[in-house]
Amino acid sequence: MISEVTYGDKTFEVFISQEEIQVILNRLAGEINDAYADISEPIVLISILDGSFIFMADLVRKLSVPIEIQFVKLKSYEDMTSRGEVAHLLKLQTSLTGKHVLVVEDIIDTGLTLEVFSEELKKQNPLTIKICTLLSKPEVHNDIIDIDFVGKEIGPEFVIGYGLDIDEAARQLPHIYRLKIG
Ligand code: IMP
């Protein structure tokens, strides 16, 4: 295992290994399979790009419930006058009316992106909206949104790898690394 990686002047150390990610994936997939066990129509999984592409790909291969897969690409803004706006760089290609929706996110930091996106999803009248995230930073988002499936709660630290980037680099790392202090 490469225990440290460097990007620019920043050094990162292994935080969540590939093996631990597999354990998390198995548990999350079990929880999702149980939660939707009685539903016969496909669940619409919406992956928020770019960071969640690896998590989504690994997660769906462990699901036994029927699913459809959609991808969106969002960019969130917050200024002094508006609570937040999300620009859709890649839009949903399907109607969610009457469907069960599961949003798949890599990491929830401030929660702003998901807070705004969830409100937009509600306008399409899905039957249910649930949220799954691999990582969550509760000290940052203070539970402003309900998260139904959480892989692991972490501190307010910056992490990379397994889809997560630093200036678009590091997404291909098989482990999750955190910024090394000192
Ligand atoms: P939020 O709207 O603040 O919750 O931001 C969520 C998005 O910010 C995530 O989907 C990531 O793309 C990015 N992000 C937040 N924290 C990190 C991190 O520690 N490493 C890499 N990207 C992050």
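Select Glu4 and Glu13: Glu13, in strand 2, is the bridge partner of Glu4. The model is a predicted one, in which local features need pLDDT of at least 70 and side-chain atom pairs count only at pLDDT 80 or more, while totals for chains, interfaces and linings use all residues. Residues are numbered from 1 along each chain as its sequence is written, and side-chain values use heavy atoms, with hydrogens and water left out.

**The open sheet**

Show strand 1 and strand 2 together. They run antiparallel and are joined by four bridges. Strands here are DSSP runs of E with at least two residues, helices are runs of H or I with at least four, and both are numbered from the N terminus. Two strands count as paired if DSSP finds at least two bridges between them. Next, pick Gly8, in the hairpin of these strands; two residues lie between the strands, and Gly8 takes a positive phi near 60°.

Move on to strand 10. Strand 2 is joined to strand 10 by four bridges, and the two run antiparallel. Select Val14 to find one of these positions: its bridge partner in strand 10 is Tyr177. From strand 10 (residues 176–179), go to strand 9, which pairs with strand 10 in the antiparallel sense over two bridges. Here Val159 stands opposite Arg178 of strand 10.

Now display the four strands at once. They form an open sheet in the order 1-2-10-9, with antiparallel pairing. Strand 1 (4–7) and strand 9 (159–160) are the edge strands, each pairing on one side only. Strands of a sheet pair through backbone hydrogen bonds, in either the parallel or the antiparallel sense.

**Helix 1 and the loop before it**

Add helix 1 (residues 18–35). It lies across strand 2 (10–16) and strand 10, and runs at about 45° to strand 2. The angle is taken between N-to-C directions, from 0 to 180 degrees, with axes fitted as lines to C-alpha atoms, for helices over the stretch in contact.

Select Ser17, in the loop between strand 2 and helix 1. Is Ser17 buried or exposed? Ser17 counts as buried, at 16% relative accessibility. The cut-offs are under 20% relative accessible area for buried and over 50% for exposed, with partly exposed in between (1.4 Å probe, protein chains only). Beyond its neighbours within four places in sequence, Ser17 is in contact with Met1 and His175; contact means heavy atoms within 4.5 Å.

Within helix 1, select Arg27 and Glu31. They form a salt bridge, with the closest N and O atoms 2.9 Å apart. A salt bridge is a side-chain nitrogen of Lys or Arg within 4 Å of a carboxyl oxygen of Asp or Glu. The two residues are four apart, about one turn of the helix. Arg27 is partly exposed at 36% relative accessibility, and Glu31 is partly exposed at 30%.

**Salt bridges between loops**

The whole structure holds 13 salt bridges. Select Asp50 and Arg171, whose closest N and O atoms are 3.8 Å apart in a salt bridge. Asp50 is in the loop between strand 3 and helix 2 (53–60) and Arg171 is in the loop between strand 9 and strand 10, so the pair ties together parts that are 121 residues apart in sequence. Asp50 is partly exposed, with a relative accessible area of 26%, whereas Arg171 is buried at 13%.

Then go to Asp109 and Lys137, another salt bridge, with the closest N and O atoms 3.4 Å apart. Asp109 sits in the loop between strand 6 and helix 3 (112–122), and Lys137 in the loop between strand 7 (128–136) and helix 4 (138–141), so this pair ties together parts that are 28 residues apart in sequence. Asp109 is partly exposed at 33% relative accessibility, and Lys137 is buried at 6%.

Return to Asp50 and add Lys73, Asp165, Glu168 and Arg171: salt bridges that share partners join these residues into one network.

**Strand 3 and its partner**

Select strand 3 (residues 43–49), where six of the seven residues are buried. Strand 3 pairs with strand 6 (residues 100–108) in the parallel sense over four bridges. Pick Ile46 and Val103 to see one position in the pair: Ile46 stands opposite Val103 of strand 6.

**Last stop: a surface patch**

Select Leu90, in strand 5 (residues 85–90). Leu90 is partly exposed, with a relative accessible area of 34%. Add Ile69 and Phe71: with Leu90 they form a nonpolar patch on the surface, with about 230 Å² of accessible area together. Accessible areas come from the Shrake-Rupley method with a 1.4 Å probe, and for residues only the protein chains shown count as cover. Patches are made of residues with over 30% relative accessible area and no salt bridge; like charges are joined within 9 Å, and nonpolar side chains (Val, Leu, Ile, Met, Phe, Trp, Tyr) within 5 Å.
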